[in-house]
Amino acid sequence: MASNRGRNLMNIADRAPGGAEFAVVLTNSEDAPVVEKAQKRGIPTETVVQGDDESRTEHETRVVDALSAYDFDLVALDGYMRILSETFLDQMPTTLNVHPALLPAFPGMDAWGDALDAGVSVTGCTVHVVTDATDDQGNVNQEQVDGGPIVTQEPVPVYEGDTEDDLQDRVLYQGEFKAYPRAIQWFAEERVTVDFENNVVHVDGDEAGDFPARRIASHDRTADLRYGENPHQDAALYADYTVDEASVVHAPQLNEGAKGLSYNNYNDADGALNLIKEFDDPAAAVIKHTNPAGCATADSIAEAYDRALSTDPMSAFGGIVALNRECDGETAEQIIDSFKEVVVAPGYTDAALDVLFEKENLRVLDVGHADGRTGESGRSELGDRTDRLTEKPLVGGRLVQERDLQTVTADDLEVVTEREPTDEQMESMLFAWQTIKHVKSNAILFAKGTETVGIGMGQVSRVDAVHLAGMKAEEHAEGKDAEGAVMASDAFFPFPDGIEKAAEAGIEAVIQPGGSKNDDMVIEAADEHDMAMVFTGSRCFRHD
């Protein structure tokens, strides 16, 4: 039912969510454009105009009579400019309406103007069940208008300089065109229960843990970035203030005079920070294009950084440095010895800041945990990882998954070769496994002790990734090589060729998920080269 153009109704008709089809479109206006639009789509129409002297009850009775010849399960209103009473509602199946605001905020006829007047940064739309908002005499009770149970909502931003027309269009196209078909689909799939007594709606799947049927998220824009991944792309930074773990989004930039972070800086800094959160011991990582150029743990943060950098100092040029301990002066001196874009740490000594601030455009981010926790040494540490989900936007939607927070222990590993790994190899393999989770697939990582010596990332062939890791260890690493190192693979080896290539590089132990139909051949190759091999039983792909 509509009084004007019925754009929501025609959007629903064209999309047929859940297989829903219109039985009839009814309007109370002879000039309503929705009639012609419906007829072009082959949808029957009815027009029931309220007479000048006709009461609400009389008009609604005629509407009910006009609809009596049609078979339908749901009534959808779209700009139907009449308040409906129990005369209509009691005779009809569930009746829905879409309101251009996030109810209970801004009910009534001018939701767009009310939102602008209130100066809010976010408004939106609400699909709700229509309930009777009239008294026994047919008079409208304004407090009950738009007060029915809410089915779904969709947030929409309000921009500086918006007019009512601007906001009305944005709410329609970015909000209502998403929310209304979603609600119709749930009803068409018989997934909705309306609890009128408690004024709530239940949708099957609402209790599905981290992945409910209805998901609403809104973030606040905190910065306009210089550009996106490339100069011809605009970009902005949005913040979710419900996340309380250490985050580069919420980190203050200590050298305010330096240029702001770019889109790529934020992306790389986030990857670097997430990597060093894996470790309790002092850890450092250098990230380039979201991949680790090197990572290490050690007794001190300065030693960890030196070991991480020495994996591939050439690739580390222009990279992002992340530390999981307070940055001291010694570490700062090492950082500025070559060009870096950003350094991320949970605090800095005064001496470190004096050194780092010498580099005008080295951005310094403080991700110190809000509760001020400190380690045994009294230095700030990163807090727990509390954010459970990660998201990836797609054209037309987004992917949501659990964050990969797995931590493998020695007890989780299955030794599958004749040779058993030594305690030192076991420690190195566990370090390599926690690190390779943050390397883009297909990924191979060589490690000695708790430091990387070669990393092969982003290859479409696993044997190519092994070759790349070996080349990096041989040609780029400083003061270390792959001879006697361990190898981690983020997924199983489909063929023995990866093991053969690793043996050529000097690898003596391997940690991998297992699960290939050729596992027996791969294990046999490892035995032939006197390698130790363990299976984790789970892979750790990273595809973005």
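This is a short guided walk through the structure above, from its overall form to a few chosen places.

The model is predicted, so a word on how to read it comes first: local features need pLDDT of at least 70, side-chain atom pairs count only at pLDDT 80 or more, and totals for chains, interfaces and linings use all residues. Residues are numbered from 1 along each chain as its sequence is written, and side-chain values use heavy atoms, leaving out hydrogens and water.

Let us begin with the whole protein chain. Its secondary structure comes to 15 helices and 23 strands; these are DSSP runs, numbered from the N terminus, with helices being H or I of at least four residues and strands being E of at least two. The radius of gyration is 31 Å, well over the 24 Å that the globule rule gives for 544 residues, so the protein chain is more spread out than a compact globule. Here the radius is taken over C-alpha atoms, and the rule is 2.2 Å times the number of residues to the power 0.38. Along the principal axes, the C-alpha atoms fill a box of roughly 95 × 55 × 40 Å.

How much of the chain is buried? Of the 544 residues, 49% count as buried, meaning under 20% relative accessible area, whereas exposed means over 50% and partly exposed lies in between (1.4 Å probe, protein chains only). Contacts, meaning heavy atoms within 4.5 Å, also tell us about the fold. Among those with a separation of 6 or more, 55% are between residues 24 or more positions apart.

Now for the strands, where two count as paired if DSSP finds at least two bridges between them. One open sheet has four strands in the order β3-β4-β5-β6, with mixed pairing. β3 (75-76) and β6 (150-157) stand at the edges with a single partner strand each, so one side of each is left without a neighbour in the sheet. Within this sheet, β4 (residues 95-99) and β5 (residues 122-129) pair in the antiparallel sense over four bridges, and Val98 has Val127 in β5 as its bridge partner.

Further along the chain is strand β13 (residues 319-323), which is mostly covered, with five of its five residues buried. Which strands does β13 pair with? Strand β11 (residues 283-288) joins it through four bridges, running antiparallel, and Ala284 stands opposite Leu323 in β13. With β14, the pairing of β13 is parallel, again over four bridges, and there Ile320 stands opposite Val342.

After β14 (340-345) comes a loop leading to α11 (350-356), and Tyr348 has its place there. Tyr348 counts as buried, at 10% relative accessibility. Not counting residues up to four places away in sequence, Tyr348 touches several others, including Leu254, Cys327, Val343 and Leu365. By contrast, Leu26 lies 68 Å from Tyr348, C-alpha to C-alpha, and 322 residues away in sequence.

Two helices round off the walk. Helix α8 (residues 301-311) is mostly covered, as eight of its 11 residues are buried, among them Ile301, Tyr305 and Leu309. Helix α7 (residues 263-276) holds Asn274, which is buried with a relative accessible area of 19%. Leaving aside neighbours within four places in sequence, Asn274 is in contact with Arg403 and His438. The C-alpha atoms of Asn274 and His438 are separated by 8.0 Å, although the two residues are 164 residues apart along the chain.
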